[in-house]
Each structure stands twice: as C-alpha cells, then as structure tokens.
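Subject: Structure handover

Hi,

Here is the structure I promised to pass on. Have a look at it first, then read my notes below.

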Amino acid sequence: EYVTRRLPVDGTRVVVAGRGHGATAVLWSALYGEWLDARFLAFEPRGAGVLQLEGLPEREPATRSLEVRAAAEALEALAWVRADYAAVGVPVTLAPLDDASAARASEDALRGALGLAPASDAGAGEWCVLERDLPRARGWAEAFARRIGPGARVVTRAELRGDEDPARVHELRIGGEWPLTHFAEGQGLPLAEGDFGGTTVLVVPAGTDTSARDAWLALEHAKALRKRSPFAGLRVALADGEPGLPEVLADLAQAGARSVLVVPAVFCASDEEMRALWSSVPAALRSGDAFDLAWLPGLGAELCAEVQSP
C-alpha cells in the first residue's frame, strides 16, 4: 500500500505473496486490509489456524482475490478459509501444490496473477541450477538470474528436461559456474567488516578432495584478498582436517585480530551446517571478547552480486 502511494507502481499489478509463516501473514493481510486492492497468494501457510480465533472484520476488505496453494491433505485443514473469507466478500481459490514442482508452480502462480505467461512457456533462456534447494540459496540464485536477463530461470536438477543447451546451463556451485581459479584475485570472496580491514576465514567442507583443498589453501598463501584490499586478510580452515576452524580462530585471537568473518567455502550452507560450525568454536571465541565475529552462510551472495545486468 505504501509503495503504491509513494512510488510510480501500478496498484492493479501488485501481488502480495508469502510462504510458510509468511503465507499466514498474507492471509491476515487479505482479511483485514482496507486500503490495498491487490491479489494475494499464500503458499503452504504454517500456523494459520490461529486466525480462526480472530473475529471477522466489520468492513469488507479491499482484497481483490486470495489464492491458497498447499499440498492436497493440507488444503482439507484450510477449508475454513473459503467460508470465512467469502463471508466478507473475498473470492478464494484453494489449489493443490505438488511438492515435486512446488518452486515452478509457485513461480507460475505469481506470473499468472500478474498477467504474465507461465515461465515454462517463456521460451529458451538461461537455466540457473541450484546445487541444493535451500531458501537462501534460491534467493541468491534468483538475484543471479535477474542479472543475467529476461528468460533466466532458477531450477533444480530434477526440473531440467535433459535437452537444454549446455552453454545456457549455469551450475550454481563452486567448481561449476565458479571454478577455484575464479578466486585467484580475491573476487567472489566476501570482506570482513572493520574500520581497518578484517580477516575472512573460509571453511572448506568435509569430503573435499585433496586437489581442491590445496587450491583453497593456495589462496591463503597467495594472500588473494590483499589484491582487493590491502587491509583484508584470508585464512582457510578445514572442516575435517588441520587447521580446523577453532585453531584458526585461536591463532587470529592471539595475533590480535579485530574483525573476523567465517564463511563456508560453498555456494550456500544449510542452517544445520551453520549451527554445527558455530558449535565447534569455543565459547570464549564466540563471545565477542576476542574479536568481532560475523558469519555468512556461503559465497553465493558475493558471487551473484558480481553478475552484471545486460
């Protein structure tokens, strides 16, 4: 609503969408919003039952329509949405969402609400293939796709047909779109914040082959980040070898480091992997007394920011 008042945005082409708890926020907004004549899309609402405890609004919402997408069994538990929202004049559609194609169905639903053709009918383009379909990885990948240009799509490997032009398939992983040689001049490696620079610690994942480990360690020995900033340092830790992350951080504390950024040397790590890294560090080093310690769940944000729009 704020955007349509303050910016040159066509209110008739606004779609408010959310997934999980965000979808429950969408349901609430669609029921109680009095100012925004928009379409609302809720994907797989989580905890939406609490809305049944709320009273229906006295005034009809400005909502143009509400569409709820969820697995078939979940839709049965959401049947009350159709009745409650219809009672206040909001047209409701409940539609099944197949887990196997949830990402594509969500994208096509959004495009349809905006009056655009389904992405699957958008013609030949670029295919940005996720290594793992994590929410943060998908967000970074979508930024990458937008910078490549129209027609670029984020997909999982299972969504590829098998007849795509290899030159148009972007493997969003280290060793795919970004070979280790890409980092030789420090590009693609995030910088630790700090008034006088800081140290980035790359954590090479367990199971990495010997040649790749050696290539990461070579970046440290070559002081690759100094080529981007004379005040930036780079250290490499091994998740299943020496030096490990606790040892590297202890060395930095002893050397008087002031700002340290820990980053797994992957496109995007999961929440569980990040918690495991955090837990591996002694509490004395996590406390902030030794140095300012920050965490970034992968290199994807920095790498995707490198892509220039056409």
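Accessible areas here come from the Shrake-Rupley method with a 1.4 Å probe. On that basis the chain exposes about 16,200 Å², and carbon and sulfur atoms supply 52% of it. Bear in mind that this is a predicted model.

The overall picture: the chain has 310 residues, and 43% of them are buried. Its secondary structure comes to 11 helices and 11 strands, and the C-alpha trace spans about 65 × 50 × 40 Å along its principal axes. Among contacts with a separation of 6 or more, 74% are between residues 24 or more positions apart.

Starting near the N terminus, there is a nonpolar surface patch of about 350 Å², made by Tyr 2, Val 3, Leu 7 and Val 9. Val 3 sits in helix H1, which covers residues 2-6. This valine counts as partly exposed because its relative accessible area is 38%, and the partly exposed class lies between the 20% and 50% cut-offs.

Helix H2 (residues 21-32) is next. Its 12 residues reach 17 Å from first C-alpha to last, close to the 16 Å expected at 1.5 Å a residue. On the buried side of the count, H2 has Ala 23, Thr 24, Val 26, Leu 27, Ala 30, Leu 31 and Tyr 32. What covers them? The cover includes three strands, E1 (15-20), E2 (39-45) and E3 (65-70), along with helix H4 (79-87).

Strand E5 (residues 127-130) is worth a look too. Both of its faces are covered: Trp 127 and Val 129 are buried on one side, Cys 128 and Leu 130 on the other. E5 runs parallel to strand E6 (residues 153-155), and 3 bridges join the two. In that pairing, Cys 128 stands opposite Val 154 of E6.

Further along, Val 236 lies in strand E9 (residues 233-238). Is Val 236 buried or exposed? Val 236 is buried, because its relative accessibility is 0% and the cut-off for buried is under 20%. Apart from neighbours within four places in sequence, Val 236 is in contact with Leu 202, Val 204, Trp 216, Leu 217, Glu 220, Pro 243 and Val 248. As for Glu 131, that residue is 105 residues from Val 236 along the chain, and their C-alpha atoms are separated by 22 Å.

That's what I have for now. Over to you!

Cheers

Notes:
Residues numbered from 1 in each chain as written. Predicted model: local features only at pLDDT ≥ 70, side-chain atom pairs only at ≥ 80, totals over all residues. Heavy atoms only, no water. Helix = DSSP H or I, 4+ residues; strand = E, 2+ residues; numbered from the N terminus. Expected span 1.5 Å × (residues − 1). Buried < 20%, exposed > 50% of the residue type's maximum accessible area, 1.4 Å probe, protein only. Contact = heavy atoms within 4.5 Å. Patch = residues over 30% accessible without salt bridge, like charges linked within 9 Å, V, L, I, M, F, W, Y side chains within 5 Å. Salt bridge = Lys/Arg side-chain N within 4 Å of Asp/Glu carboxyl O. Pairing = 2+ DSSP bridges.
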